[in-house]
Amino acid sequence: MNVNNIKQQPEEKPLLSVKNLNIEIQMDNAVLNAVDGVSFNIEKGKTLGLVGESGCGKSLTSRSIMSLNPKECETTGEILYNSTIDKKMNNVNIVDLDPTGKKVRSIRGKKISMIFQEPMTALSPLYTIGNQIMEAILLHRTKNKKEAKKIALEMLRKVGISDEEKRFDQYPHEFSGGMRQRVVIAMALSCNPELLIADEPTTALDVTIQAQVMELMKSLQYEFGMAILLVTHDLGVIAEMCDEVAVMYLGKVVEKASVREIFYNPKHPYTKGLIKSMPKLGSEKKRLEPIEGTVPLAINMRNKCGFYDRCSERIAGVCDVKAVPDTQLSADHSVRCFLYSEYGEEEKNA
Amino acid sequence: MKKRLIVFLSLVLLLSFLTACMGSSEGLATSETGDEQETEAEKEPVEEVDPSSISSYNEAPELKELVESGKIPSVEERLPVAEDVMVEEVYEETGVYGGNITIPWKGADDEWTVGKPTEEPLFRFNEDGSRVEPNVAKGYDVNDDATEFTIYLREGMKWSDGVPFTADDVLFYWEHMLTKETFGKSVYDAYFSVDPETGERHMAEVTKVDDYTFKVTHKFSSPDFLKRVAIDNKWFFAPAHFHKTILPEFVGEEKASEIATEWGFADVKSFLKATGYYYWTNVEIPTLRAWVASNDPHSEEFVMKRNPYYWKVDKEGNQLPYVNNFIAKKIQDPSHAMLGMLGGDFNLGKFLVQDFTVLKENEQKADFRVLLWPSVNFTSAAIVLNQGVEDNNLRSLVQNIKFREALSVAVDRHEVTEIVTNGIGEPIQASVPEGLVGHQEGWKDQWAEFNPDRANQLLDEIGLTEKNSNGFRLYEDGSVVTLTITDQNQASAEFLELVKNYYENVGVKVNIKFVDPGTYSDQLYNNQLQATTAIPSVVNVALRPDVLVPLRLGQPWQGDFGLYRESNGEEGTKPEGEIAKLVENWDKLRAASTEEKAMEYANEIYKLHHKNQWLLGYAGPTPSLVVAANSLRNVPEERFFADEFREIGHGHPAQFFIKE
Amino acid sequence: MLKYILRRIILVIPVLILVSVIVFFIIQLPPGDYVTHFAAEMAAQGETLTQEEMDELRATLNLDRHWFVQYLFWMKDILLHFDFGHSFNYDEPVTAVIDRYMALTLIVSFITMAFTYLVAIPIGIYSAVKHYSIGDYIASTIGFLGMATPNFLLAIILMYFSYVNFGDPLLGLFSSEYENAAWSWGKVWDLAKHMVIPIIVIGTASTAGLIRIMRGQLLDEINKPNVVTARSKGLSESRILFKYPTRAALNPIVSTFGWTLSNIFTGSTITAIVLNLPIQGPVMYNALLGQDMYLAGTWLLFMAILTVLGTLISDILLAWLDPKIRTEIKGG
Amino acid sequence: MKRLPLSKKLFSKNNTDNEVGSKIPTDNTEDYYASQWSLIWKKLKKHKLARFSLAFLIIFYLGVIFADFIAPQGLQEYQSDYSNTPPMQIHFFDTEGNFHLRPFVYGIESTRHPETYRKVFVEDRDVMYPIQFFTEGKEYKLLGLIPTNIHLFGVEEPGEIFILGTDGMGRDLFSRLVIGSRVSLSIPLVGVAISLVIGLILGGISGYFGGWIDAIIQRIIELFRSFPTLPLWMALSAAIPAGIDVVMMYLYIVIIISFIEWTGLARVVRGQFMSLKNEEYVLAARIAGVSTPKIISKHLVPGIISYLVVAVTLAIPGMILAETAMSFLGLGIRSPATSWGVLLQEAQQIDNVALYPWKLIPLFFVIFSVLCFNFFGDGLRDAADPYKR
């Protein structure tokens, strides 16, 4: 069930817009372009899905929004953040902020917060979950311990944890995987952030818990109205949760469109391949068609289409020699593939 | 080799020249030159200063205050009567009062380090140890057959608590302590005389003549009696008034044990031993010494304060000692003694020859002087074979003179002196050093050359011709000739490795085994030792025989023979042959009526040792190093350093003084 | 938790009894006994004991009885009259010998232990946070310099070095003129001077281990996901460092922390020798060397109690540190 | 503290999106799925300091293998005339200043200072001994098999070469250092390994099972820790027959020490296991029916590799010097055999520190080798840590 569209305000600056984001990692003898010219916008209250196989740079992109990337990463480009709750935070480029500075710390947890893939290791085993939840609240919302506890307990109820008084003083190892993910969500949302980054929130969980967590995130989004950046490799989750989708391959966004467009009108060969490799409910049992070959390494792939080796519709002499431009097909659909931009013409793209 | 001899000689002459110009009278040089040797024997003692000629006495400032505040009587009342006061001869110059002597010690159970320097025997040895001179006693008369000794004490002499010291204290010690064996020691051999015919021992009798005179009568002549007392039982007296309050004989058994527990002792026996024998570290026990214990010996610094009633003065009438306190500072490790000396924490210390170079090089910087006190050791690198070793094969071997000669000539003594004594020792055999009773001509060169061929030839002559694959000789029964050398001190590691190399070159396999002191003495007392490195050292066999004559257990070279004598035949093994001769000569010596006769038998014993050379030595004796801060004066340049002469005590510390 | 502690304390009794028997047996295991050791010591000072004197001494100290009989008498005295027997060497009740140096031992060892932990843990953290920086290399090199040099040799080198350059080997706690003087600035300065060498010796020797362990564990923890979570909540780096990875890294240090208790009461023998201080270490070392049965026995019993308590303290600390262990212990 | 077991994580194709962490080298793709050890080896090689330390350790251990060849003198040789000689200078320029390709040493004369009896060595400039390489020298068995007498370097008779000076008996210190390394770099590792194994097993069992097993093992640990070791050594030293081969005795001592030293390691391993054993992946393995020893070896031990590596590198210096503590009891290595511990023991007198400071050189070798072990351990630890970037 897709959330009904929230009425789009008149054209105003997106909550967060990523422009031409590059993340390079110095290897022994070469530079790895883990993230290469990624751009997308996250609208207020909307859910953007970032989908792609592992190793395509989606997790790095999501973490760089909170500048949580390790020191080895060279991050360039713009991540412009326009806070709706704190007027002063306007057009702030998070990439330029000092990763340990006060400014970025005032954003983390308060305005943008994050939940991680492995609930087991996300929480510290040495402190009660109550303590770990209250930590952000005490930092950002209130200095009063009793009040902070009240908020925390309320959040626990919200994420569906029963008997929260007792649970408050228990330790992570006394919780199941699913319960721990709920705690992490409670923690992330405890300061009513504008944007929740969910880095593969359900991958480590089994299917039934997965559905409950997604359900929870949708209802909380409905209640708090926060935007969600959902990073996953699971198309089912995308279909379930997202308004818009950006498909990433080898550090580049190869296609960006509304969720409907992506599923029913995929343009980029890779997206098509992905959709095809998804088992459909009720379709007769025929073999799923995997995409052949393996993901290459993002080394000197700048002026070439990363998907070239595996692309069934590749055009020799073009796709493998020139940098693929991004073509804006319609208002909410763009693709980065020569099929849709007159090959040989230089300036056609958006 | 010659070069080093000259160097050592010049060193010794230089020192004696130095002492001569310092105005002292008889600095003794133990140089090799023969002529000086004879003159020293009959030298006239320096003219005695007549004590009564001293008109007035003066005393240390700290005592003057006590006199003014009435705590102690005036110096005249404290000293003995004018004519009986003892005038102590100063070494360099008349001293000034004040300052402290500080020496390192290992702590409360290191009693002798403090005991020896402060000891006051009845009679003490003169400088070269040839005869005894008055000390606590002012003189003695002896009848012609040396059976009756009349000893005169000093009238008016007092204990350190002011109580008069009289003949009663001697009698009390004799009747209630020594003969009743209250302090864990049996009556010393010196107090017995030997019937020449039956060889039976008779204990002497001690009778009081008057308050300041007593007589010791022996059944048979005992010419060396006073000398032997001066070694075995220096303090032939005890503070009667104190001991009456603790001895069970006076206070009864349970009261005594009550007092014992009060003092913290487990039982009366150990209490009486601590108060009767090792008494000088107890504050409560009165003494005749120059300094009296003033605090708990376990504390960081054990301070012995000046004895106000000390009965000696210098020739200007200053009551000794010059120095206020005799302080023993605790060290945890021997290296601290050296570091403390360098840093000035101590102004007096005794060191081994290994430390000579470091000390000598720092004489200016650390402002002290290194004095070479010749030692009475026979050698500074000894191998002692246990003549009574249990292993039959080995015993017959070590008792064979050829085997001993072989082991002696198998080693290059030049190399041993270079490595073990840093070139200071001579490459000579173990023998009685010059200037001591018992020195024999040519002894030091006996078997002293380095001649491995002779050694191999001797070993073949003994019959050890068979050898196994790696060249070790075999007994008849095919077992390997092996000698295990045991030692308790790592310092001899290098020496033992040299010896092992040389012995194995001539086919005798050697095992070196280091053990802790407790295990060493356990093996010693159970005759488990085959060979060790204990260095023989004795001033005069007539006075202290058990180093050279097997009279009791405790000497590694004579194993069980001593036990045979000590247990009068019940245990141990009966000595035969040459070793038996030693004991015979000793018995004759004990029964000798005159000193000259006694000396004859003593010489016999020395000759036997010269002939049989039971004790092997590979480097001549090296001096003991007495290091004194330059501010500490009157410390003799040279004195024999021996246990019998109480080591530093032989320098009469009471006349040391601090000169700014 | 209380029930657990009580159970553990009750368990101490059997262990102690077992320890006391074994310890007593081991002390007298080497050949000879106190008397042969005493004879060796006296011989070194020029006085050879006769066989008779030794037998008599053995009788008075009733060392001639079988060791188990001696043990039973000792235990009887302890349990009935709380009398721990007499030290042969000091001719004093064992308790007196122990009390004499206890205060000084506690002070010196406590300072050394506090110094060790307060220096080692921060340096360990610094080395981990800035690992492979210059500081990290220096810390490990100095640490290993201390560990690889026999403490005693390092002490002698430093003392001789200080003598050659400053004329004073800085032996003991005070130089002679301040030994008994009243406290004054001069005395404090003198003490400070004398503390330099021991701090270097003890500092390098004992801290190296802790630094390396702390560094290794912290490196393990510092990149864990829960640290990234904390960072995502906006906490400052230092707060994160000390709350999450540091506490997690303390596990190995805490596991053996209890045993420092027995070190406190023994005081390192090296400290004693370096500082020329009469603390328990050397006293007990000599007691063992000389088989001073009751002194050594009582001391080792006391140490056994401390070791057992130390383990208990470590377990309690471990439970406090790590909730998973807490549930483990409660359950177990 | 979650940690996917090493092998599973690195192996799995669908490597979770932590791609930056486990970056795969670029040069060739086929070792995309390299085995865990070669991966660690690759990371280790990247680790500059570990590489540097490993190189030195290899040099040291080559020295251990070819000790007799490298050392100009055997253990038995000594010259009393050259006792306490300072290290000799190796020259390339002679008195006239012309250059010699083959370095040489001057003859040395020794005299005794008349006052302080210190041996003073002076170079006898007109006697030159060029340094020969692969010269004849003392007979020995290369690698214990091939009898030969070729030594790496030396000078003809009657010249002498002591590049690190000599000891009290005139024995070449460099030779003793090299031959001593044979003992000091081999046997202590045996000791460390034993205490590691015992500590791991007992600590592991105690930590993993808990309950009464833990209680018993902890009591045993307490018992071991209350043991007075000194009387044990004294009894041992008296019991050992005098003729026993010294190096073997040292091995027995190291083994005995390791039987006493394991308690510290066991305690820590227990603490860590108690904390780790409730982790999901351990529970998962247990449910999957994996045997306990496999769980411990495959899952728990990799979890505490950091501590183990550090503990091992910390134990090494202790073991190398362990023998010096008991030499006064006659245990441990005694000449003519030697070891670094013995060389340090000999240097421990004040006279040596004051007069013959070059006897302290072995100290630097001990420290340096221990540092190499430590930095190599560090490199190993970092390479094995999956989270480490």
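How much area do chain C and chain A bury between them, and what share of it is on carbon and sulfur atoms? I looked this up first and found about 2,200 Å², with 63% on carbon and sulfur atoms; buried area here is the accessible area (1.4 Å probe) that two parts lose on being put together, summed over both. C:Ser232, C:Lys233 and C:Lys243 supply 26% of what chain C buries against chain A, more than any other three residues.

A note to myself on the basis: this is a predicted model, where local features need pLDDT of at least 70 and side-chain atom pairs count only at pLDDT 80 or more, while totals for chains, interfaces and linings use all residues. Residues are numbered from 1 along each chain as its sequence is written, chains are lettered from A in the order in which they are written, and side-chain values use heavy atoms, with hydrogens and water left out.

Next I checked contacts (heavy atoms within 4.5 Å): 22 residues of chain C touch 26 residues of chain A.

Then I turned to salt bridges (a side-chain nitrogen of Lys or Arg within 4 Å of a carboxyl oxygen of Asp or Glu). The rule finds three across this interface. I looked at C:Arg239 with A:Glu135, where the closest N and O atoms are 3.7 Å apart.

Last, I visited chain B. I found that 62% of its 660 residues count as buried, meaning under 20% relative accessible area with a 1.4 Å probe, protein chains only. Its C-alpha trace spans about 85 × 60 × 50 Å along the principal axes.

How values were computed: Buried < 20%, exposed > 50% of the residue type's maximum accessible area, 1.4 Å probe, protein only.
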